[in-house]
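Work through the following exercises with the sequence and the model side by side. Each task is followed by a solution that goes step by step.

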Amino acid sequence: MMRDKGNFISAACLAAFGIYVISVAARLDYVSEVGPGPGFFPLWLGIGLVLFASGLMFAPSSISRSKAKGESQSWKGAGRALAAWSALMVAIALLGRMGFAVSFIVLTMFLIVALDRRPALLAVGVGIGLAVSFHLIFVVALDVSLPKAFWGF
Amino acid sequence: MKHRDILFRITIMTIMVLSSGLAWSQEFKPSKQIEAVVHTGPGGGSDLLARAIAELLQKEKLISQRMQVVNKPGGGPAVAMSYLAEKKGETHTIGFFTGVWVTNPLTTAEANVTVKDLTPIVRLVLEPAVIAVKADSPYKNMQDFIEAAKKNPKKLAQSGGTITSRDNLMRLLLQKATGAQWNFISFPSGGERLSNLLGGHVQMMVIEPQEAGEQIRAGNLRVIAALTEKRLAALPNVPTIKEQGIDIPLIPQARGVLAPPGVPREVIQYWEGVFDRFEKTATWKQYLEQNQFEDGYLKGPGLSKFFDELTVQMRDVLKEAGAKVVR
Amino acid sequence: MEDLGNLLLGFSVALTPVNLFWCLVGVVLGTMVGVLPGLGPAATIAMLLPLTLKMDHTTAIIALAGIFYGARYGGSTTSILLNIPGESSSVVTCLDGYQMARQGRAGPALGISAIASFVAGTVGVLGLMLIAPPLARFALRFAPPEYFALMVLGLAMVVFLAGESMVKALLAMLVGLWIATIGTDLFTAESRFTFGQVKLLGGVDFIAATVGVFAIGEVLVNLESQGGAEIFKLAKGLRNLLPTLQDLKDCRFAFLNGSVIGFVVGALPGAGATVASFLSYGLEKAVSRHPEKFGTGVIEGVAAPEGANNADAGGALVPLLTLGIPGGNTTAILLGGLILWGYKPGPLLIQEHPELFWGLVASMYIGNVMLLVLNLPLVPLFAQILRLPYYVLYPLILGISIVGVYSVNNSLFDVWIMGLFGLLGYLMRKLDFPASALILGMVLGDGLERALRQSLMMSQGDITILATRPISGTLLFFAAVILCLPVVRKVRSWRFEAIERES
């Protein structure tokens with residue numbers, strides 16, 4: 001079942017992560033001259049992670065079974081979600097050079113046009129409208145600075 | 001006649017252009033908002049000092065533009081120092097430093113900026129420290145505490161910051177000089193350090209007289225030693241640590257202003273001028289008194305020398321403290 | 001009796017037109033600051049400090065305090081409507097508040113939030129007035145072992161946030177605890193898990209992480225289906241725009257719970273409103289008749305934490321005004337303000353300047369009333385935001401998230417963190433790992449490790465110190481009870497199933 005496979009993979013990742021944490025923690029001092037050292041807590045966290053993750057990996061499904069909550073079960077829409085996330089990360093990358101307004105409008109356009117197949121004009125309208133509102137509320141009214149490009153916004 | 005007239009006019013104009021050009025290249029005046037970088041969040045010691053100074057400078061009309069405090073907390077001063085280093089040559093940015101700007105890079109490998117990379121402008125304040133105990137404790141002076149610590153090694157405790165902070169370094173110096181040993185418990189905020197002392201969970205702490213002042217007045221704390229060269233004006237009955245027979249190097253907590261690297265000479269001169277005048281004002285003196293700071297005004301080569309000496313001193317003390325010194 | 005006279009003095013100070021005006025300005029500004037994620041009251045107060053130099057000092061503290069507790073009212077708005085925590089103390093409100101909004105009950109959620117805030121805020125002021133000095137003395141008895149026990153109690157709530165799978169909740173919590181270790185170690189000044197990044201020396205910014213996990217994660221889940229699923233059921237009719245009488249009845253205990261826990265935890269220096277709101281939520285779930293429903297949109301799940309973070313404001317003023325010790329960032333600025341105006345905050349402040357203390361207390365009563373009157377009518381207005389078409393709403397949420405997170409430290413790095421945590425939040429949703437456990441770990445991780453190491457330093461390595469001190473022993477006992485209950489329940493249900501299968 002999809003669920004068990006998902007559990008297994010995530011548990012394996014977490015177990016691997018736990019091992020990583022233990023390895024870093026081992027390099028830190030377990031005890032310092034003023035009590036437990038910086039390695040103390042992360043070491044136990046790593047151990048806990050490995051323990052519980054292994055439990056999840058090899059447990060009978062009765063322990064990890066959840067009553068199916070329709071929404072989070074299928075991975076069908078994952079492609080769309082990940083595309084949206086990538087667009088967000090691109091927009092964040094653009095923030096420094098292109099400023100908030102432009103990056104935000106680009107992101108909005110991607111979401112509305114590429115993901116939703118709605119008219120580009122609508123996307124531009126929404127993007128500009130929201131960007132202007134943000135600018136007015138945050139930069140003008142509240143004196144908060146937003147990432148700027150060389151054209152000032 | 002006409003030629004001489006024209007020649008005269010041309011000469012005057014040339015002189016005016018040249019002199020204004022010279023003046024323009026020799027004087028700096030800020031033309032937009034000034035950014036004052038601090039390494040604490042809002043409410044931290046540097047933040048409050050920077051805001052107060054910004055306010056007082058504007059009040060005394062010593063600067064024509066607004067000074068905006070920008071908080072860049074993280075890793076002690078590391079994030080703030082890194083931010084300043086990135087602003088190379090930026091004329092409208094300054095930073096407020098404290099002693100930790102010197103010590104932190106010595107122990108933190110990720111900190112890629114040292115105080116030598118930045119442009120020192122002026123040292124403004126020296127913060128003295130005192131040793132305080134709870135008022136109803138049996139320690140009336142430093143000797144009492146040291147003896148009690150010797151009788152019960154590692155039983156008594158002191159509250160303070162990280163092990164590389166001034167509090168702990170003073171403790172290590174004291175322990176070395178007297179042979180006594182006591183514990184050190186770190187607390188992130190001054191409020192917690194004080195409340196643990198008042199609650200009797202630790203027995204002493206190193207504290208600034210301004211913080212201790214009100215508790216003393218209310219009868220909650222007793223100061224048993226002043227960690228200064230001379231007795232403090234506000235606490236004339238408290239003997240210095242030297243007077244009590246313990247001779248240790250005193251680590252000053254300095255606060256002042258510096259600028260990003262690569263800043264032109266005129267900018268430095270501008271700020272020196274501003275703070276020169278500021279130091280003489282009555283409002284500054286009043287602020288010093290209110291907060292029980294010592295006037296530590298120092299600029300130019302003397303300031304660079306101070307940083308160098310402090311770095312060496314700190315490196316030695318840190319090594320003795322057992323901290324991992326990476327620079 | 002003397003207090004009554006002082007209170008009357010206080011009201012006479014607070015009811016002057018100037019003070020009333022600035023009280024209003026303060027609470028309105030505070031509410032606005034609280035609504036917008038990222039921008040916090042600490043930064044706002046710090047910015048306004050210079051302006052206050054020209055004012056009468058009592059007026060100034062009335063205004064600044066208004067911003068402080070006003071922000072706690074506003075913080076729940078975006079939490080409920082958009083799953084974006086407006087303040088770190090409003091993170092818990094997202095859990096049930098947002099679910100209520102999805103079920104068309106945004107109005108009642110916002111309304112109960114305002115009412116709980118009013119009740120708890122008022123109780124907080126009452127507490128400040130009546131028991132501030134003894135409470136401050138009690139708070140002094142809290143040493144690191146007690147803080148540790150408090151944190152463990154908070155983490156025991158994970159058991160309650162477990163929902164379906166306790167293992168997954170524990171794993172999420174452990175990851176959260178790990179995230180809390182990123183940065184410079186307080187004690188040894190060594191850096192941990194910073195991957196060589198200077199910007200991680202201060203740790204992961206809490207707002208960036210929570211906005212990422214909650215808001216961004218939620219948006220990503222919703223974007224899976226084209227045309228955006230019918231996410232929000234819209235409320236029909238005015239009746240559904242405010243809490244019903246039944247709702248109010250259900251929240252009776254939550255009001256009390258939030259008030260007491262918020263106020264007491266607020267008085268402990270170092271423990272913040274976020275901790276108070278988690279504890280209050282956990283307690284509410286513990287005594288509820290239907291604990292499994294928490295997280296699906298239970299109104300007490302909104303009332304308790306929202307009350308707690310308001311009572312916390314009153315509590316935080318206790319150590320500040322009675323001992324001159326600031327409990328957190330915002331109170332540290334208030335302290336700075338007091339010093340700037342020439343006061344000497346300390347144990348003698350109340351005696352020497354009664355008009356300051358009592359004027360402030362009286363104005364806080366008035367301020368809480370103002371806030372209730374302001375916020376309730378705005379509820380239907382705010383709820384209309386959900387009527388926006390989703391193709392406007394989602395960019396709006398993303399935009400607010402980016403702006404809010406950026407504005408905390410003017411740091412693009414934080415926005416990157418938000419993006420990364422957004423992906424994490426999405427994956428956690430898909431794989432059924434409770435995000436709330438992750439956040440709980442992040443909130444309590446710092447405090448937990450710190451308190452443990454401090455306690456061991458105090459006892460020279462003797463771990464029994466945690467159990468032998470009266471207060472910490474009691475708290476740990478409760479935590480143990482809470483931890484054992486579901487395990488017992490689970491074991492029983494396994495055996496039940498095993499028996500069933502056999503027969």
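**Exercise 1. Determine which residues P326(C) is in contact with, leaving aside its neighbours within four places in sequence.**

Solution. Taking contact to mean heavy atoms within 4.5 Å, and leaving aside neighbours within four places in sequence, one finds that P326(C) is in contact with G191(B), L320(C), T331(C), A332(C) and L335(C). Next, place the residue: P326(C) is found in the loop between α13 (300-323) and α14 (329-340) of chain C, where helices (H or I, at least four residues) and strands (E, at least two) are DSSP runs, numbered from the N terminus. Finally, P326(C) counts as buried because its relative accessibility is 17%, given that buried means under 20% relative accessible area, exposed over 50%, and partly exposed in between (1.4 Å probe, protein chains only).

A note on conventions: this is a predicted model, in which local features need pLDDT of at least 70 and side-chain atom pairs count only at pLDDT 80 or more, whereas totals for chains, interfaces and linings use all residues. Residues are numbered from 1 along each chain as its sequence is written, chains are lettered from A and ligands numbered from 1 in the order in which they are written, and side-chain values use heavy atoms, with hydrogens and water left out.

**Exercise 2. Compare the span of helix α12 (residues 273-286) of chain C with the expected value, and then assess how far the helix is covered.**

Solution. The expected span of a helix is 1.5 Å times one less than its number of residues. For the 14 residues of α12(C) this gives 20 Å, which agrees with the 20 Å between its end C-alpha atoms. As to cover, 12 of the 14 residues of α12(C) are buried, among them F278(C), Y281(C), E284(C) and K285(C).

**Exercise 3. Which residues touch the most other members of the largest nonpolar core?**

Solution. A nonpolar core is a set of buried Ala, Val, Leu, Ile, Met, Phe, Trp, Tyr and Cys residues joined through side-chain atoms within 4.5 Å. Of the 241 residues in the largest one, F134(A) and I179(C) touch the most other members. Helix α4 (residues 78-115) of chain A gives the most to this core, with 17 residues. Turning to I179(C), and not counting residues up to four places away in sequence, its contacts are V204(C), F421(C), L438(C) and M442(C).

**Exercise 4. Locate the two ends of the salt bridges that E127(B) and D185(C) form, and state whether these residues are buried or exposed.**

Solution. A salt bridge is a side-chain nitrogen of Lys or Arg within 4 Å of a carboxyl oxygen of Asp or Glu. E127(B) pairs with R255(B), with the closest N and O atoms 2.6 Å apart. Since E127(B) lies in strand β4 (residues 119-127) of chain B and R255(B) in strand β10 (residues 253-259) of chain B, the pair ties together parts that are 128 residues apart in sequence. Both E127(B) and R255(B) are buried.

D185(C) forms its salt bridge with R453(C), where the closest N and O atoms are 2.9 Å apart. Because D185(C) lies in the loop between β1 (183-184) and β2 (191-192) of chain C, and R453(C) in helix α19 (residues 435-459) of chain C, this pair ties together parts that are 268 residues apart in sequence. D185(C) and R453(C) are likewise buried, and a network of salt bridges links D185(C), R192(C), E449(C) and R453(C).
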